Amino acid sequence: MILEPKRIMIAYRCPSCFDTVKSVVGAMNLSGAMFKLKCPCGGSELTIKNVENDKMRLTVPCVFCPHPHSHLVSRQMIMSRDLFTIPCSYAGIDICFFGTQEEVERAIDESDAEIGELADDEQLQGLRDLNENDRNGGDEHIGDLVTFVLGDMIEENDVTCNCGNDGEYEIYRDVGSVTLKCKKCGCEKTFFCDNSPATTTLLDAEKIDIR
């Protein structure tokens with residue numbers, strides 16, 4: 001008997017054209033350093049980056065927020081389930097889907113119904129424009145992403161300082177910035193809640209040195 005390689009459907013909603021972008025891929029497609037699923041309109045792309053400990057960092061476009069969501073999940077979690085979804089943490093509605101074609105299509109229909117009850121395309125665009133303009137001293141969504149990424153790095157022991165890998169780290173949120181500091185040696189680094197090169201680099205990084 002010949003075993004067919006595991007294949008899953010990946011789907012997300014494009015925040016530019018609001019169409020659902022879908023692709024059926026094999027396990028080998030997701031085994032490289034990075035996988036990208038781009039919308040034909042050219043306005044967005046979903047990226048999946050393989051990192052250490054058999055985990056994947058997902059960068060997911062969102063129709064509700066002005067910036068993508070970043071998530072770190074295990075490869076096993078995605079590949080072993082008939083359906084795995086990622087919701088927008090603000091709207092509470094699924095924006096990314098992994099699994100069998102049947103289950104993904106069903107979940108997209110259910111999520112479309114939720115969005116239909118929430119707003120039409122014009123209202124969704126208005127919501128995104130409002131989020132884009134609502135800086136309030138720094139983009140709070142980017143602050144959430146930076147806090148999430150830093151917390152994950154601390155948990156995975158991917159932060160170094162003058163203590164090497166033995167630091168004791170704390171994260172401090174302020175208006176427009178997030179600071180990571182070692183309580184033992186005093187090393188610290190501040191990231192501003194904007195699209196500065198340092199912040200953009202952090203969101204794609206696997207490790208960080210704050211010396």
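Glu-114 is partly exposed, with 37% of its relative accessible area open, in what is a predicted model. This residue belongs to helix H2, which spans residues 101–118, and its C-alpha lies 9.3 Å from that of Asp-94, a residue 20 positions away in sequence.

**The sheet**

Strands of a sheet pair through backbone hydrogen bonds, in either a parallel or an antiparallel sense. In this model an open sheet of four strands follows the order E2-E1-E8-E7, and the pairing is antiparallel. Because E2 and E7 stand at the edges with a single partner strand each, one side of each is left without a neighbour in the sheet. From one strand to the next, the twist averages 15°.

At one end of that order, strand E1 (residues 7–13) and strand E2 (residues 20–26) run antiparallel and are joined by seven bridges, with Met-9 having Val-24 in E2 as its bridge partner. The two strands form a hairpin in which six residues lie between them, and Phe-18 in the turn has a positive phi of about 70°. At the other end, E7 and E8 pair in the antiparallel sense over five bridges, and Thr-85 stands opposite Phe-97 in E8.

**The aromatic pair**

A pair of aromatic rings is described by the distance of the centres and the angle of the planes. The structure holds one aromatic pair, formed by Phe-84 and Phe-98, whose ring centres are 6.2 Å apart and whose planes meet at 45°, an arrangement that counts as tilted. The pair links distant parts of the chain, since Phe-84 lies in strand E7 (residues 83–87) and Phe-98 in strand E8 (residues 94–99), 14 residues apart. How accessible, then, is Phe-84, buried or exposed? Phe-84 counts as buried because its relative accessible area is 9%, which is under the 20% limit, and Phe-98 is likewise buried, at 0% relative accessibility.

**Salt bridges**

Side chains of opposite charge can pair when their charged atoms come close. The count comes to eleven salt bridges in this model, and the table gives three of them, with the distance between nitrogen and oxygen.

| Basic residue | Acidic residue | N to O distance |
|---|---|---|
| Arg-13 | Asp-112 | 2.7 Å |
| Lys-36 | Glu-45 | 3.8 Å |
| Lys-181 | Glu-188 | 3.9 Å |

The side chains of Arg-13 and Asp-112 meet in a salt bridge. Arg-13 lies in strand E1 and Asp-112 in helix H2, so the pair ties together parts that are 99 residues apart in sequence. Arg-13 is buried, with a relative accessible area of 4%, whereas Asp-112 counts as partly exposed at 34% relative accessibility.

Both partners of the salt bridge between Lys-36 and Glu-45 can be placed in terms of accessibility: Lys-36 counts as partly exposed at 44% relative accessibility, and Glu-45 is partly exposed with a relative accessible area of 28%. In the salt bridge that Glu-188 forms with Lys-181, Glu-188 counts as partly exposed at 42% relative accessibility, and Lys-181 counts as partly exposed at 31%. Which residues are joined into one network by salt bridges that share partners? They are Lys-36, Lys-38 and Glu-45.

Methods. Residues are numbered from 1 along each chain as its sequence is written. This is a predicted model: local features need pLDDT of at least 70, side-chain atom pairs count only at pLDDT 80 or more; totals for chains, interfaces and linings use all residues. Side-chain values use heavy atoms; hydrogens and water are left out. Buried means under 20% relative accessible area, exposed over 50%, partly exposed in between (1.4 Å probe, protein chains only). Two strands pair if DSSP finds at least two bridges between them. A salt bridge is a side-chain nitrogen of Lys or Arg within 4 Å of a carboxyl oxygen of Asp or Glu. Rings of Phe, Tyr and Trp (its six-membered ring) pair if their centres lie within 6.5 Å; planes under 30 degrees apart count as stacked, over 60 as edge-to-face and the rest as tilted. Axes are lines fitted to C-alpha atoms, for helices over the stretch in contact, and angles run from 0 to 180 degrees between N-to-C directions.
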